[in-house]
Structure formats: C-alpha cells, structure tokens
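Work through the exercises below with the sequence and the structure at hand. Each task is followed by its solution.

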2 protein chains.
Amino acid sequence: MSLIPASLPALSAIGVVETDVPDADIPRRRRDIVSDIVLRPELVEGLQGLEQYSHLFVIFLMHRSPPLESLRVHPGHDSRNPPVGTFAMRTRNRPNPLGLAVVDLLRIEGNRLTVRRLDAFAGTPVLDLKPYDHYDVFTGIRVPEWSNSARGRATS
Amino acid sequence: MSLIPASLPALSAIGVVETDVPDADIPRRRRDIVSDIVLRPELVEGLQGLEQYSHLFVIFLMHRSPPLESLRVHPGHDSRNPPVGTFAMRTRNRPNPLGLAVVDLLRIEGNRLTVRRLDAFAGTPVLDLKPYDHYDVFTGIRVPEWSNSARGRATS
C-alpha cells in the first residue's frame, strides 16, 4: 500500500466570493443565486478563453465550517433519513471543507466573474476554477432515493 | 470588495491513489484507467451510502506538478492552438494544483474504492470524494473549438 502523506503544501485563495445573499438563504436559493468571484488581479491572465465555456467548476474552501464532529449525518438534518457518510453527501461537514459547484458563467469583466448557482457564502475563499466540459457530463447516473429529497439540493 | 485571505488552513490527505499505470500513460488511457483510492482507515465510516451512487467526484492534489511558470499555455502543448488561460483548462499548470475528475465507482471494499477514469498518478494525495448527482449534469453546454482536440481530454 502506498503511503498516505502526512502533510501537504498549503493552498492559497485565488479569489473570494461576493454576494448580497445572507448565509442562511444560500442553500434554499441555490439555483437562482447570482454571485461574483473576485480574482486576485495578478491572476487575470489565467482567465483568457474561459468566456468560451458556458459552465465552470468552482472549488472553494468552506472556511466557516465547524470542526468535523461525525463522519455520518442524516441527510437534510432529518432524522427520518438513515445516516449517511460524509463522502456520500455534499455537506460541509467533511474532513477537508472543500466545496464544489457547477455554475453558469454569466460574464467576465476584468478580474470579476459573475456566476449563477454558486452555493458559497460571501467571503468564501476560492481555490480553483475549471471549465466544465463534455467529459464531465454523465447522463443515466444512479443516485440514492434520499438524495432527491435532501434539503437545499433539489435536482434541476 | 471583500478581502482575499492571505493564508488558509492546511488540508490533509484523506487517502492516496494506487494504480499500476505509469505516469506517462495516464492522460492517453484516461477513459479506461481503473485505479484504487485507499482511504485512511479511520475515515471508512464516511463512505456509508456512497455505493448507492454510480459516479463520484474525486478532488486530488497534483503533488508532482512543477512550479507555475505561466498563466497561459497552448492547449495540447500544440503551438498551433492559441494560448489559453490556466483557468480555462484542466492542465496541472495552475496556482493551486487541484485535480478534479468524475469517475465511475466500480466497488468499495473496506477502505478501498475502485474507480474508472481517474487521471491521477500513483501516489497522488486525495483530498475529497463527493457524490455526482443530477444537479451536476448540464447538457447543451458550450465549449470552445480547441477543447475537443486537446490531447488526452477527448470527449466521451
């Protein structure tokens, strides 16, 4: 078995999320939220050509997540749902509080990207932007029953 | 404008990639590669219910990436392609060397997940696993012309 590295190099924020939507409203309004991602000005060159994509992945750090207490939780905080492992959910309750969203890219102006569907709080550090491409699209996928009813994560 | 945080908390590896495929063959064989992800044994509980999904996101650290030299590169290392920003590509040449792949989950045995399509070298630290759900699927997306011909990233 390969060794699991004990420590990793630190990552840094490439930018930050700006939105007027209060934290508490983010999960519920997820599909309609329009947010800005403000990139470090010195990274603007890295955006070249990104406007040719309709959709992006945003990887962010859920920096206000509480310390991990349990590796299993009830989906939707509903005790009628059987407990599920953190890796089987998109909860922020996870060993590394990484967030991932597929967003619609609405526009890019300088170092400011405007996107729809980013379920990240204002002030969230952004770690990476990646184009969403045909090889990321899988139809006919299988998901568990409890997923469709999980609060704030309704299917489109 | 929000402040972009100067430093972030360190992340840790939740596991590591095991594969017999040599590094040089990974991009070309991407769609057929079968790899294992070996999780830290103490995190096994976090996998509960994951087997009900057919596809997963794997977020990993491209730990052997060289230091970032340029924010723009020629797709496919082909100078006939116009240079494109690092955020408009899936290249490992990026400020934070995070990798992201949608993989087929083939099986889970204890702390070992077997997956297909993970384009990560043997020994790669894994940072997170997330279920791939209906809200991640967008059809009718727009991508640039150069994307389809980019080496090692052919569409399925």
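**Exercise 1.** How many residue pairs are in polar contact between chain B and chain A?

Solution. The model is predicted, so local features need pLDDT of at least 70 and side-chain atom pairs count only at pLDDT 80 or more, while totals for chains, interfaces and linings use all residues. Residues are numbered from 1 along each chain as its sequence is written, chains are lettered from A in the order in which they are written, and side-chain values use heavy atoms, with hydrogens and water left out.

Step 1. A polar contact is a pair of N or O atoms within 3.5 Å; within protein, one must be able to donate a hydrogen and the other to accept it, and residues adjacent in sequence count only if both atoms are side-chain atoms.

Step 2. Between chain B and chain A, 40 residue pairs satisfy this, both residues being at pLDDT 80 or more.

**Exercise 2.** Find the salt bridges across the interface of chain B and chain A.

Solution. Step 1. Look for a side-chain nitrogen of Lys or Arg within 4 Å of a carboxyl oxygen of Asp or Glu.

Step 2. The rule finds six salt bridges across this interface. Asp136(B) forms a salt bridge with Arg90(A), with the closest N and O atoms 2.8 Å apart.

**Exercise 3.** Describe the backbone and the burial of Arg117(A).

Solution. Step 1. Most residues other than glycine have a negative phi. Arg117(A) is not a glycine, yet has a positive phi of about 90°.

Step 2. Arg117(A) is buried (under 20% relative accessible area, 1.4 Å probe, protein chains only), at 15%.

How values were computed
Buried < 20%, exposed > 50% of the residue type's maximum accessible area, 1.4 Å probe, protein only.
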